[in-house]
Amino acid sequence: MQSTPNKISKIPRPGTLSPRVSQGSKSPPDSGSLQENKSPQTLVEALTSAPIHDEIPLVAGLTEGLEDCNWEQLQGKYADAMEKHGRVEENLRVETAKLLEVFMAWSQTTVSQDENRALKRFKTQMQHVQNSEVNVENKKKHYTEVVKAFQNALALLNDQIKV
C-alpha cells in the first residue's frame with residue numbers, strides 16, 4: 001500500500017493531536033474537525049467514525065473494529081499483521097528459491113545436452129575428415145600405380161619399336 005503525503009493518518013498516537021487539528025480552530029463542533037480539548041477516547045471515536053474509502057477494500061478490511069481498540073491493541077494488531085506479511089514474504093522467498101533451483105537444473109540440462117551434441121558433431125566431422133584423408137591417400141596411391149603402369153607400358157612399347 002502506498003502512502004501519499006496528503007493522506008492523514010487515522011490512528012491517533014498517545015499524547016499527540018491529529019495532523020488535522022490546528023491550534024485555535026474555530027470551526028463548529030459538528031463540522032468534522034477535531035478540537036484540542038477533546039479527550040483521547042473522543043479523538044479515536046471521531047477519527048474512526050470517518051467514512052472508509054470504498055475504493056480500497058484492503059484498507060476497509062484492516063480498519064474494521066479499530067474504534068474499539070486502545071493503543072496497545074493497535075500495536076498488537078500491527079505486529080500480527082507484520083508477522084503475517086513476513087510469513088507470506090518468507091513463503092514467497094522459499095518458493096522463488098525452489099523455482100530458481102528448477103530453472104538452474106533446466107538450464108544446466110540444456111547446456112549439457114548442447115555440449116553432448118557439439119561433441120558428437122565434432123566427432124562426426126573428425127571422422128569425415130579422416131575418411132576423406134584416407135580416400136585422398138588411396139586415390140593418390142592408385143594414380144601413382146596407374147602412372148607407373150603407363151610408364152611401364154610406354155617402356156615396353158619403346159623397347160618393341162627399337163627391336
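## Close-up views of a three-helix chain

**View 1. D114 and R117 sit in helix 3, three residues apart, which is about one turn of the helix.** The model shown here, as in every view below, is predicted. A salt bridge joins D114 to R117, and their closest N and O atoms are 3.0 Å apart. Are these two residues buried, partly exposed or exposed? D114 has a relative accessibility of 43%, so D114 counts as partly exposed. R117 is also partly exposed, because its relative accessible area is 46%. The class "partly exposed" covers values between the limit for buried, under 20%, and the limit for exposed, over 50%.

**View 2. E89, E90 and R93 are linked in a network of salt bridges.** R93 takes part in a salt bridge with E89, where the closest N and O atoms are 3.0 Å apart. R93 also forms a salt bridge with E90, and here the closest N and O atoms are 2.6 Å apart. How are these residues spaced along the helix? E89 and R93 are four residues apart in helix 3, about one turn of the helix. E90 and R93 are three residues apart in helix 3, so about one helical turn separates them. R93 counts as partly exposed because its relative accessibility is 45%. E89, at 46% relative accessibility, counts as partly exposed as well. E90 has a relative accessible area of 38%, so E90 is partly exposed too. In the whole structure, a search finds four salt bridges; among them are the R93 pairs with E89 and E90, and the D114 pair with R117.

**View 3. A nonpolar patch on the surface is formed by L100, F103, M104 and W106.** Together these residues have about 460 Å² of accessible area. W106 belongs to helix 3. Is W106 buried or exposed? W106 counts as exposed because its relative accessibility is 53%, and the limit for exposed is over 50%.

**View 4. N70 caps the N-terminal end of helix 3.** A side-chain oxygen of N70 lies 3.1 Å from the backbone nitrogen of E72. Helix 3 runs over residues 71–162, which makes 92 residues. What span should a helix of this length have? At 1.5 Å a residue, the expected span is 136 Å. The C-alpha atoms at the ends of helix 3 are 133 Å apart, and this agrees with the expected value.

**View 5. The whole chain, for orientation, has three helices and zero strands.** From the N terminus on, its elements run α-α-α. How much of the chain is buried? Of its 163 residues, 8% count as buried. The accessible surface of the chain comes to about 14200 Å², and 58% of this surface belongs to carbon and sulfur atoms. Among contacts between residues at least 6 apart in sequence, 39% join residues at least 24 apart.

Key:
Residues numbered from 1 in each chain as written. Predicted model: local features only at pLDDT ≥ 70, side-chain atom pairs only at ≥ 80, totals over all residues. Heavy atoms only, no water. Helix = DSSP H or I, 4+ residues; strand = E, 2+ residues; numbered from the N terminus. Expected span 1.5 Å × (residues − 1). Polar contact = N/O pair within 3.5 Å; in protein donor to acceptor, adjacent residues only side chain to side chain. Patch = residues over 30% accessible without salt bridge, like charges linked within 9 Å, V, L, I, M, F, W, Y side chains within 5 Å. Areas by Shrake-Rupley, 256 points an atom, 1.4 Å probe, with all protein chains shown as cover. Salt bridge = Lys/Arg side-chain N within 4 Å of Asp/Glu carboxyl O. Buried < 20%, exposed > 50% of the residue type's maximum accessible area, 1.4 Å probe, protein only. Contact = heavy atoms within 4.5 Å.
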